[in-house]
Amino acid sequence: MNPDFHYYATYCAAQLTGYTHEESIAIARSDQFVDLCSITFLGKMDAPLSAATTQLQLELMEAPTDIIGLQNITRIWSSFHFLPYDLYAEPKKRCSKRYKNKFRLICKPNGALVRETVMLAKGKSMEAVGIAMHVLADTWAHQNFAGTPSLVINNTNYYFYELFEENGGWREKKIAFRHSASTPDDLENSLYTASIYVNSEKSIMNLGHGRAGHLPDYSFVRYKYLPAWGDYEEVVKDNPSDYMHAFCQMIEAMRYLRGDKEDFVCNRYDWQRIAPYEARIKGIICKRQLDSSADWKALGEELSGQEIPPFDISVFQSGYSAAKKEKDNTVLGRFIIAALAQKSMVTNRIYQSGNKLAGYSVDYRKRFFWVDKAYKMLINSRGGDAK
Amino acid sequence: MSFFQRFKSILSGILMLLFVVLLLLLPDKAYYLVAGVLGLLLTIYGLRLLWYYLTMARHMVGGKTILYQSVIVIDFGLLGSTLMSVSSAMVIFYLLGIYAFTGGISVLRAFEAKKYGGAWKLKLITGIIGLGLAVALVVLGFAFGLTQYLVYGFCLSIAYSAVVRIVSAFRPTAMVYIQ
């Protein structure tokens, strides 16, 4: 998903939930920042690098693909962008443990971990809510791909068709991929940028939806393709429907986080709250454009009656470096605490399932263990009860 | 990293360092040793591809290509070591190609890193050293006939990889879970 959904649409969802303008901005800002909080940024801020929620293209190019490097990549991408659906899933055919471990990291919506993600943000900061909304929304957009480099899971081939609704039926148009990262996608000719084919299981070119380009990130597009793990069964990806579900599930989740609901249950969507705006929202989602920020912004401003400022990364920078003892109470400090909690939880669940792809998880309560500055922040934020 | 993975990393590092010592102690046999190792590595790579097909890629759409690739690579590995042991020029060209290619890539990455505001100086220096090494080896090897320097350059790159493997085995890798 792109800033249009992670920032402006999240603001709209927060407004429909009942949050104030300031709270909605804080949630949307944190949601969008998940895509920007890299070790390059954290390094510049002298902040803990283990709180990184994404990796820049350049960082990925430099990232070692040895065991440690791969575990680091998997921790980041599985925790924040490709939340695994079922850590105990069984592939249709008998296969090796190595294959099974990768297969179990495939992202889909409404898994047990998405519920845990939302529960984790309960009673926490607005930044924690924003992170949870990012993770939840991405389970819809990024489904069928895994947050770990894997050729056998994330690869796609030439079989890729865009679907256009015409005269009550569907017209197919072959999608062509090119590999120039700096060239914008050509919607008119269905010409999209994707990562190149590399026949190495561990190549970062095979991370997430890189091989399918930005198609999962566009709300308007419908397409069909053959996922590498799908045993030659065609998958039809209906992004407008998925984005609509993501939007309504965000409202459902935020209502729980705000205390309007007692529990967050998967597969439930708040269609009622969006009913007066349904046609408008569908219109924005289905409009064929690379960036729908302006349309979402207009809707958000109509909902709140206030101007939505453009996303400003300096909000995360200001205050953090200057604060000496009170770093935890700055916007970035709160974001770091929430990000560490999410990464720590997802890594633990993957490890507990017997899968070492995200590395080892050591329970701080059960075993004396050295923790760095970053985790001390997280422990302190919980009143030191983790000790 | 599990205990076995750490052990494997350290052991492979030590074996690589021993190979470097062997190359330096037996300079007259160096080309045959290098040719043998390169052929062996290619064959092992082919066998690993075959294993990868059997355990992973056979479940993948279009996974048969991995099987074909593995057969071709094994073939090249077996044939290549024979060819290289006949002509030392093959080994020299291989080594020069490696240095020039990695050096060129580092320089390009340095320019890209500079464009994005990242750290670029070290990458540029590494790239220039790689390219410089390739040029120096061409001059020393072909113009002055001092081909043993090619072996020294090869030893240097293996020793570097060995040290990296050993050091990485001691890095902390666990993620702390705080409830």
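**Note on the β1–β2 hairpin and its sheet in chain A**

1. In this predicted model, strands β1(A) and β2(A) run antiparallel and are joined by 6 bridges, where two strands are taken to pair if DSSP finds at least two bridges between them and where strands (E, at least two residues) and helices (H or I, at least four) are DSSP runs numbered from the N terminus. L163(A) has E172(A) as its bridge partner in β2(A). The two strands form a hairpin with 2 residues between them, and N167(A) in the turn has a positive phi of about 50°.

2. As to conventions, residues are numbered from 1 along each chain as its sequence is written, while chains are lettered from A and ligands numbered from 1 in the order in which they are written. Because the model is predicted, local features need pLDDT of at least 70 and side-chain atom pairs count only at pLDDT 80 or more, whereas totals for chains, interfaces and linings use all residues.

3. The hairpin belongs to an open sheet of 4 strands, ordered β2-β1-β5-β6 in chain A, with antiparallel pairing. Its edge strands, each pairing on one side only, are β2 (169-174) and β6 (235-238) of chain A, and the twist averages 30° from one strand to the next, with axes being lines fitted to C-alpha atoms (for helices over the stretch in contact) and angles running from 0 to 180 degrees between N-to-C directions.

4. Strand β1 (residues 160-166) of chain A also pairs in the antiparallel sense with strand β5 (residues 222-225) of chain A, over 3 bridges; there, Y161(A) has K224(A) in β5(A) as its bridge partner. Helix α10 (residues 239-258) of chain A packs on the sheet, touching β5 and β6 of chain A, and its direction makes about 55° with that of β6(A); contact between two residues requires their C-beta atoms, placed from the backbone, to lie within 7 Å.

5. For the chain as a whole, the secondary structure of chain A comes to 16 helices and 7 strands. Among contacts in chain A between residues at least 6 apart in sequence, 64% join residues at least 24 apart. The C-alpha atoms of chain A fill a box of roughly 60 × 55 × 40 Å along the principal axes.
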